[in-house]
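This report looks at a sheet, the surroundings of a ligand, and the empty spaces of one protein model. Please read it alongside the sequence and structure shown here.

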Amino acid sequence: MMIIHRLGSISSTNDLLREMADNGAPEWTAVMAENQTAGRGRMGRKWHSPPGNLYLSVLLRPGMESGELSRMSLLMSLAVYHAISQKGVTLRLKWPNDILWKGRKLAGILLEGKTMGAEVIHVIAGIGINLTMPREALPGDLASHATSLEEAGIVWSREELLTRLETAMRRYSPSIRGMDWERAMREWSLHADWTRDYVFMDGSRRVLGRPVELNREGHLILETDMGRIPVRSGDLVEI
Ligand code: BTN
């Protein structure tokens with residue numbers, strides 16, 4: 001069973017859980033907060049965290065190599081996808097680990113790993129799911145890119161979601177069974193949206209392209225004017 005520490009207002013569930021992990025907390029220790037004052041997103045972004053949404057971090061000790069961390073993040077998005085999914089509502093995955101409804105973001109995942117050499121000591125899977133996010137809670141352009149379970153007509157309660165998240169994360173956690181990456185990446189591909197163009201941003205590099213496939217390593221292959229390029233890290237921005 002996941003042991004969930006339920007807290008009120010804290011800086012970031014990922015930060016608190018990292019401290020607990022460094023002090024020897026066991027796998028499946030989790031921290032959930034009402035709201036976060038310093039919620040963090042990918043690429044150094046802020047994650048707006050008003051009360052009313054789900055902010056959860058889960059400690060994993062997957063016994064894997066650091067080179068596998070990026071694929072692990074795809075697996076966790078698959079897990080969150082399954083936990084949120086409800087009959088009749090079509091959700092899509094956006095590389096690497098966003099969950100979208102009608103092109104807008106329902107949930108995001110920030111995976112932070114501690115490594116020693118090639119070995120992964122622990123992984124903190126930080127999951128933010130918008131439950132009822134009122135548009136007014138978000139600044140300007142973010143509001144048009146975000147949505148919530150409520151808006152999508154998904155009615156899981158917070159408790160149902162927690163149970164579903166644990167079940168799905170256990171199913172996709174490589175520590176439970178040897179991972180068939182090829183199959184996992186195929187499954188991820190099945191739920192992704194392959195119909196949009198994006199600008200790929202990585203530092204100062206900007207490339208326009210359309211995602212065409214995910215390879216076995218979890219790299220996204222983009223079709224661009226310069227041919228097909230693999231995207232290993234970075235961000236895709238809609239045009
Ligand atoms: C992203 O899409 O950029 C990832 C967002 C991850 C947000 C979650 S909320 C719980 C956990 N604590 C944080 O500070 N961030 C993650």
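## Sheet, ligand and spaces

In this predicted model, strand β8 (residues 198-202) runs antiparallel to strand β9 (residues 205-214), and the two are paired over 5 bridges. Within that pairing, Val 199 of the one strand stands opposite Leu 208 in β9. Both strands belong to an open sheet of 5 strands, which has the order β11-β10-β9-β8-β12 and antiparallel pairing. Because β11 (227-231) and β12 (235-238) each have a single partner strand, they stand at the edges, and one side of each is left without a neighbour in the sheet. From one strand to the next, the twist averages 50°.

Turning to the ligand, there are 20 residues around it, and those that come nearest are Ser 12, Gln 36, Arg 40, Arg 42 and Lys 105. Three of these have a polar atom whose distance to a ligand atom is listed below.

| Residue | Protein atom | Ligand atom | Distance |
|---|---|---|---|
| Ser 12 | side-chain N or O | oxygen | 2.8 Å |
| Arg 40 | polar backbone atom | nitrogen | 2.7 Å |
| Arg 42 | backbone N or O | oxygen | 2.6 Å |

The largest pocket holds about 870 Å³ of space, and its lining is made up of 40 residues, with Arg 45, Trp 47, Asp 98, Lys 105 and Leu 142 lying nearest its centre. Elements that each supply at least two residues of this lining include α1 (13-22), β3 (54-60), α3 (140-145) and the sheet strand β12, while the largest share, 5 residues, comes from β6. Sorted by class, the lining of the largest pocket comprises 15 nonpolar, 14 polar and 11 charged residues.

The second largest pocket has a volume of about 310 Å³. Among the 17 residues lining it, Arg 42, Ser 70, Ser 73, Pro 96 and Leu 111 are the closest to its centre, and two or more lining residues come from each of α2 (69-84) and β6. Here the classes are 8 nonpolar, 7 polar and 2 charged residues.

What did a search of the whole structure find in the way of cavities of 30 Å³ or more? The search finds 1 such cavity, and about 70 Å³ of space lies in the largest cavity. The residues that line the largest cavity include Leu 93, Lys 94, Trp 95, Trp 188, Asp 193, Trp 194 and Tyr 198, and by class this lining has 9 nonpolar, no polar and 2 charged residues.

Notes
Residues numbered from 1 in each chain as written. Predicted model: local features only at pLDDT ≥ 70, side-chain atom pairs only at ≥ 80, totals over all residues. Heavy atoms only, no water. 1 Å grid on protein atoms, 1.4 Å probe; cavity = no way out; pocket = protein on both sides within 12 Å on 5 of 7 lines; lining within 4 Å. Points joined across faces, edges and corners; volume = space filled by probe spheres on them. Nonpolar A, V, L, I, M, F, W, Y, C, P; charged D, E, K, R; others polar. Pairing = 2+ DSSP bridges. Helix = DSSP H or I, 4+ residues; strand = E, 2+ residues; numbered from the N terminus. Axes fitted to C-alpha atoms, helices over the stretch in contact; angles between N-to-C directions. Near = heavy atom within 4 Å. Polar contact = N/O pair within 3.5 Å; in protein donor to acceptor, adjacent residues only side chain to side chain.
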